[in-house]
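Open the model in your viewer, switch to a cartoon view and keep the selection tool at hand. We will go from stop to stop, and at each one you can select what is named and look around.

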Amino acid sequence: MSPSLLYRAVFPRFSPEARFRPTTTSAAGAALRIRWLGTAGYVLEAAGTTIAIDPFVTRPSLSHLLGPLHPDDVAIAWRLPARLDAVLCGHSHFDHLLDAPRIAARTGALLVGSRSTLAFGRAEGLPAARLVEVPPSGRTLRVGALEVRFVPSLHGRIIFGRVPFSGEVTRPPALPRAWHYRMGGAFGILVRAPGVCLYHNGSADLVDAELAGEHADVLLVGLAGRGSTRAYLARLQRALGPRVIVPTHHDAFFAPLEEGLRLLPGVDLPGFCAEARGLAPLATLVTPAYDEVLAVPADDARGAALLAHTLTTC
Ligand SMILES: [Zn+2]
């Protein structure tokens, strides 16, 4: 069903500039492949290991958000690989977590996240051996060829200067609604693959001290609510020195991905791009479309480019 006229007015369509879309026709030799699922969701593949971060493809409409939320198995089957090694969740709001337990169940993956995230995993029927809890102090673990560090972070204050739906979940109701997905602690996620390191900052805030001594070649930077966080991008840039910057979580997520990319109100993506160019003039700035694969080379991540032909697997 197409979005209504009101939806189209509130969430304007976004057409990224060509200069922020470097393209290539081959990912041969790429150390890391990154596919955007919309919101803060990604599939990453490196050296034979495939993981998902905050995968959310159900995208209930605004009217459906008032009722019980169910993962969309068709959308999941269409957009996620058949096998995954791990599903990582930075926090437990529905736009990060709703689909993650189902995806872990379908793909044989570990589910990694806070105690609240794991409560939803148990409700999905995942066995204890597939649940990896991240305490508030963070955790480092190995997933195949990848080293993953959950970095203690903060959630952006996205609604009237406040974090929505804060708190923990110990046992979700049988038919959870949007507000039952309490935030449950927020983490950035550092992924070290052979030859390239990535940082996923799924919500627009950070704890500078937790990033001391770290580096990331690729920064996936969540934009929703960034205006409430002082010097947000400058602090991430200073801490991590990324060579590739990819804005994320700027898209409206209340219609199927097939409807195309529309912006959340107030994210000012063009303004973000201008700010990124000023702060990191040597970095490559990339604004992918849904499902596009960004191939990152090992030797110099600034050569990252989008595959010209969209792949359905990554
Ligand atoms: Zn959130």
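Start with V221, which stands opposite P247 in β13. This is a predicted model, and the pair makes a handy doorway into it. The chain crosses from β12 through helix α6 (residues 232–240) to β13, and this β-α-β crossover is right-handed. Now select all of β12, residues 218–222: five bridges join this strand to β13, and the two run parallel.

**Along β13**

Select residues 244–248 next. That is β13, and five of its five residues are buried. Show the side chains and compare the two faces: V244, V246 and T248 point one way, I245 and P247 point the other way, and all are buried.

Now look for another partner of this strand, β14 (residues 284–285). β13 and β14 pair in the parallel sense over two bridges. To find the spot, pick I245, whose bridge partner in β14 is L285. Then follow the chain from β13 through helix α7 (residues 269–279) to β14, and you will have traced a right-handed β-α-β unit.

**V244 and the core**

Stay on β13 and centre the view on V244. Which residues does V244 touch, not counting residues up to four places away in sequence? Select D217, V218, L219, A283, T284, V286, V296, A301, R302 and A304, and you have them.

Widen the view from here to the largest nonpolar core, which has 96 residues. V244 is one of the residues with the most contacts inside this core, together with V87, V218, L219 and V296. Which strand gives the core its largest share? Select β10, residues 186–193: six residues of the core come from this strand. As a general background, nonpolar side chains tend to be buried together in soluble globular proteins.

**β10 and its neighbours**

Keep β10 selected. Eight of its eight residues are buried, so this strand is largely enclosed by the rest of the structure. Turn the view to check both faces: A186, G188, L190 and R192 lie on one side, F187, I189, V191 and A193 on the other, and all are buried.

Add β9, residues 146–153. β9 and β10 pair in the antiparallel sense over seven bridges, and the bridge partner of S153 in β10 is A186. Then add β11, residues 196–201, which is joined to β10 by five bridges and runs antiparallel to it. Here V191 stands opposite L198 in β11. Zoom in on the link between these two strands: β10 and β11 form a hairpin with two residues between them, and G195 in the turn has a positive phi of about 90°.

**The nine-stranded sheet**

Clear the selection and colour the strands of the open sheet in the order β1-β16-β15-β2-β3-β4-β5-β6-β7; these nine strands have mixed pairing. β1 (23–24) and β7 (131–133) stand at the edges, each with a single partner strand, so one side of each is left without a neighbour in the sheet. At the β1 edge, two bridges join β1 to β16 (residues 305–307), and these strands run parallel. Select T24 there and you will find L307 of β16 opposite.

**Two helices on the sheet**

Select α4, residues 100–107, and α5, residues 115–124. Helix α4 packs on the sheet, touching β4 (49–53), β5 (86–88) and β6 (110–113), and its direction makes about 150° with that of β6. Helix α5 lies across β6 and β7 and runs at about 150° to β6.

Which residues of α5 are buried? Show S116, T117, L118, A119, F120 and G121. The buried residues of α5 pack against α3 (94–97), α4, β6 and β7. Just past the helix, pick G125, whose phi is positive, near 95°.

**Zooming out**

Finish with the whole chain, which has seven helices and 16 strands. Its radius of gyration is 18 Å, close to the 20 Å that the globule rule gives for 314 residues, so the chain is as compact as a globular protein of that length. The C-alpha atoms fill a box of roughly 50 × 45 × 40 Å along the principal axes. Colour by burial, and buried residues make up 50% of the 314. Among contacts between residues at least 6 apart in sequence, 66% join residues at least 24 apart.

Terms used:
Residues are numbered from 1 along each chain as its sequence is written. This is a predicted model: local features need pLDDT of at least 70, side-chain atom pairs count only at pLDDT 80 or more; totals for chains, interfaces and linings use all residues. Two strands pair if DSSP finds at least two bridges between them. Helices (H or I, at least four residues) and strands (E, at least two) are DSSP runs, numbered from the N terminus. Two residues are in contact if their C-beta atoms, placed from the backbone, lie within 7 Å. Axes are lines fitted to C-alpha atoms, for helices over the stretch in contact, and angles run from 0 to 180 degrees between N-to-C directions. A nonpolar core is a set of buried Ala, Val, Leu, Ile, Met, Phe, Trp, Tyr and Cys residues joined through C-beta atoms within 7 Å. A residue is buried if 20 or more other C-beta atoms lie within 10 Å of its own, exposed if 12 or fewer, and partly exposed in between; C-beta atoms are placed from the backbone. A crossover is right-handed if, with the strands pointing away from the viewer, the path from the first strand over the helix to the second runs clockwise. The radius of gyration is taken over C-alpha atoms; the globule rule is 2.2 Å times the number of residues to the power 0.38.
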